[in-house]
Amino acid sequence: NYGASFQANKTSSNTGANYYTSNDDYIVNSARRALNDYHNAITNGDISSAYDMLSSSRQESMGGIYGMRDGYRTTVSSSLTYARPKYVSDDSVTFDYKLESEDIINGRRLYRTFVGDVTMINIGGVWYLDDMSGREI
C-alpha cells in the first residue's frame with residue numbers, strides 16, 4: 001500500500017485538485033507486480049524472460065538480448081525494497097524505487113543499493129518496463 005507517498009497526476013478541471021480512483025490502485029498494483037516479476041526473473045537467472053518484460057525501446061537501449069545477458073552476467077540477485085508511484089495513467093506508471101542487488105565480481109560478493117525512477121507501460125493489457133534511471137547510494 002502506497003498511502004501518502006502517492007502523488008496523483010490527475011487534476012480535476014473544475015477545481016484543480018488532485019484525485020485518484022480505485023482503478024489507480026489496480027493499475028499501480030498491476031504495474032508493481034510486473035516490475036517485481038522482472039527482478040525475480042533476474043534473480044532466477046532467467047534473463048530471457050526478463051528481456052521479454054522490457055518494451056522494445058528498452059530492449060534496444062540494453063543492446064538486445066546479448067547486451068542484457070552481458071550486463072547481468074555477474075548478478076546473483078536483484079530485489080526491490082520499495083516502488084512508490086509518482087505518476088499514474090491508464091497505460092503508464094512511474095515509480096520512485098530502491099533496489100538491492102548482489103553480484104559476484106572476481107570471486108567476491110558485492111552488495112549495492114540503487115535509487116531512481118522506473119516507468120512501466122501497458123501495451124495490450126501487458127506491463128513492460130520502459131525506462132529506468134538510477135544511481136548507486
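**Notebook: fold, core and hairpin**

I read the elements from the N terminus on and got β-β-α-α-α-α-β-β-β-β. That order holds four helices and six strands. I note that the model is predicted.

Next I looked up the overall figures. The protein has 137 residues, and 40% of them count as buried. I found about 7800 Å² exposed, with carbon and sulfur atoms supplying 44% of that area. For contacts with a separation of 6 or more, I noted that 46% are between residues 24 or more positions apart.

Then I turned to the interior. Which residues have the most contacts inside the largest nonpolar core? I listed Leu35, Met68, Val93, Phe95 and Met120, in a core of 27 residues. At least two core residues come from each of helix 1 (22–43), helix 2 (47–52), helix 4 (64–71), strand 3 (75–89), strand 4 (92–105), strand 5 (108–123) and strand 6 (126–136). Helix 1 gives the largest share of this core, eight residues.

I picked Met68 for a further look. Leaving out residues up to four places away in sequence, I found that Met68 touches Tyr38, Ile42, Ile47, Ala50, Tyr51, Leu54 and Met62.

Last, I checked strand 5 and strand 6. How do these two strands run? They are antiparallel, and 10 bridges join them. I looked up one pairing: Phe114 has Glu136, in strand 6, as its bridge partner. The two strands form a hairpin, with two residues between them. In the turn I found Gly124, which has a positive phi of about 60°.

Conventions
Residues are numbered from 1 along each chain as its sequence is written. This is a predicted model: local features need pLDDT of at least 70, side-chain atom pairs count only at pLDDT 80 or more; totals for chains, interfaces and linings use all residues. Side-chain values use heavy atoms; hydrogens and water are left out. A nonpolar core is a set of buried Ala, Val, Leu, Ile, Met, Phe, Trp, Tyr and Cys residues joined through side-chain atoms within 4.5 Å. Buried means under 20% relative accessible area, exposed over 50%, partly exposed in between (1.4 Å probe, protein chains only). Contact means heavy atoms within 4.5 Å. Two strands pair if DSSP finds at least two bridges between them. Accessible areas come from the Shrake-Rupley method with a 1.4 Å probe; for residues, only the protein chains shown count as cover.
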